[in-house]
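Trainee: Could you take me slowly through one part of this model, and then show me how that part sits in the chain as a whole?

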Amino acid sequence: MAEYTQNNNDNVEYFHSDGTKKKNKKEKKKNSKSGLAVGALALLAVFLLLNSMIVTKQNQFKLVRQFGRVDRVVTAPGLSFKIPFVESVDTVPKELLIYDLPASDVITSDKKTMIVDSYVLWHVIDPLKFAQTLSCSVSNAEGRIDAIVYNAAKNTISNMKQDEVIRSRDGKMTITVAEVENDVVGNDLNLSQEEEVIEITSLTEEIMGQINHVEEQYGIEIVAVEVKKLDLPDDNKQAVYTRMISERGNIAAQYTAEGKSEAKKIENTTDKEVSIMLSDAKAKAEATIAEGEAEYMRILSDAYSDPEKTDFYSFVRALDALKESMVGDNKTVILSDDSPIAQIFNGRY
């Protein structure tokens with residue numbers, strides 16, 4: 001059983017049956033307050049520890065401010081510390097960002113309106129200057145980029161004609177290369193044509209060349225400006241298409257006329273060459289025939305100069321003449337007695 005005694009201060013003390021003293025209510029209350037104080041101090045320590053930690057990710061810069069002024073910049077990823085309630089932290093993105101510019105109208109040097117829709121790749125390279133000039137605001141940076149890129153595109157396209165803008169869209173231009181060879185009389189003959197793609201300065205490169213001092217001014221770098229779409233306004237698109245069709249038709253007609261002219265030149269040249277070749281061939285044939293007749297007459301002259309050969313050739317010629325006279329089914333020949341052939345047969349020639 002529990003026993004209790006009363007001291008001089010009228011405080012009742014309780015004891016367990018084993019003689020150990022039980023705590024009274026005042027002692028329990030005092031211990032409870034001590035536990036709460038320790039817990040509060042632990043929570044405060046944890047809060048201060050968390051408030052003093054700076055966690056910097058791989059894609060972030062951390063700007064530590066002391067009473068509003070940037071004291072230091074944390075660029076390396078990891079854990080660092082600051083003074084609680086005295087220093088504050090701003091976060092600046094380090095990764096490559098994309099900004100899609102709204103489509104805008106620009107006018108070419110030949111007074112043609114075009115719609116340019118583009119986007120920009122950019123990132124922060126100087127977080128301190130970025131904070132000083134743009135207040136660590138990505139939206140402020142995009143506003144400046146919008147104005148800079150639009151002015152650069154306007155200045156670039158305003159110095160180019162519409163066909164030059166379209167041709168420089170991809171930085172490549174297709175040209176037709178003709179292989180020319182001389183013929184036998186020295187005239188040029190177009191043997192073959194093939195298309196060749198050459199590199200030219202693209203529209204985006206021209207625009208990038210107009211962007212200056214962005215890094216020095218705002219601590220950002222514009223990595224690339226890419227044109228997504230290059231189009232004509234809807235109100236004059238059909239008129240432009242009609243004019244382009246007409247221009248292409250005129251160019252085609254010019255090419256056709258030039259082709260016919262070249263074909264006529266080639267035809268005339270070929271006819272001339274054929275005439276010359278036929279004339280040379282006929283001259284050579286006449287010369288050959290004359291040489292053959294001369295040789296024939298020489299052979300006959302040699303044959304008739306010898307009496308024995310003369311009789312033989314006379315006999316052969318007589319037989320040839322008789323053969324030519326025997327035509328058809330009737331093979332009977334009637335000869336007079338004084339005929340050279342009859343004389344040959346009678347042995348009197």
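Mentor: Two strands are said to pair if DSSP finds at least two bridges between them. In this predicted model, strand 10 (residues 104–107) is joined to strand 11 (residues 113–124) by four bridges, and the two run antiparallel. Together strand 10 and strand 11 form a hairpin with five residues between them, and in the turn Lys111 has a positive phi of about 65 degrees. Across the pair, Ile107 stands opposite Thr113 in strand 11.

Now look along strand 10, where Ser104 and Val106 point to one face and are buried, while Asp105 and Ile107 point to the other face and are not buried. In a regular strand the side chains alternate between the two faces of the sheet.

From here we can follow strand 11 inwards, since strand 11 is one of the elements that give two or more residues to the largest nonpolar core. That core has 37 residues, and of these Trp122 and Phe130 touch the most other members. The elements giving two or more residues also include helix 2 (127–134) and strand 14 (220–231), but helix 3 gives the most, with six residues. Leaving aside residues up to four places away in sequence, Phe130 touches Trp122, and among its other contacts are Val92, Val138, Tyr218 and Ile220.

As for the whole, the chain has nine helices and 14 strands, and buried residues make up 22% of its 349 residues. Among contacts in the chain between residues at least 6 apart in sequence, 56% join residues at least 24 apart.

Technical notes
Residues are numbered from 1 along each chain as its sequence is written. This is a predicted model: local features need pLDDT of at least 70, side-chain atom pairs count only at pLDDT 80 or more; totals for chains, interfaces and linings use all residues. Side-chain values use heavy atoms; hydrogens and water are left out. Buried means under 20% relative accessible area, exposed over 50%, partly exposed in between (1.4 Å probe, protein chains only). A nonpolar core is a set of buried Ala, Val, Leu, Ile, Met, Phe, Trp, Tyr and Cys residues joined through side-chain atoms within 4.5 Å. Contact means heavy atoms within 4.5 Å.
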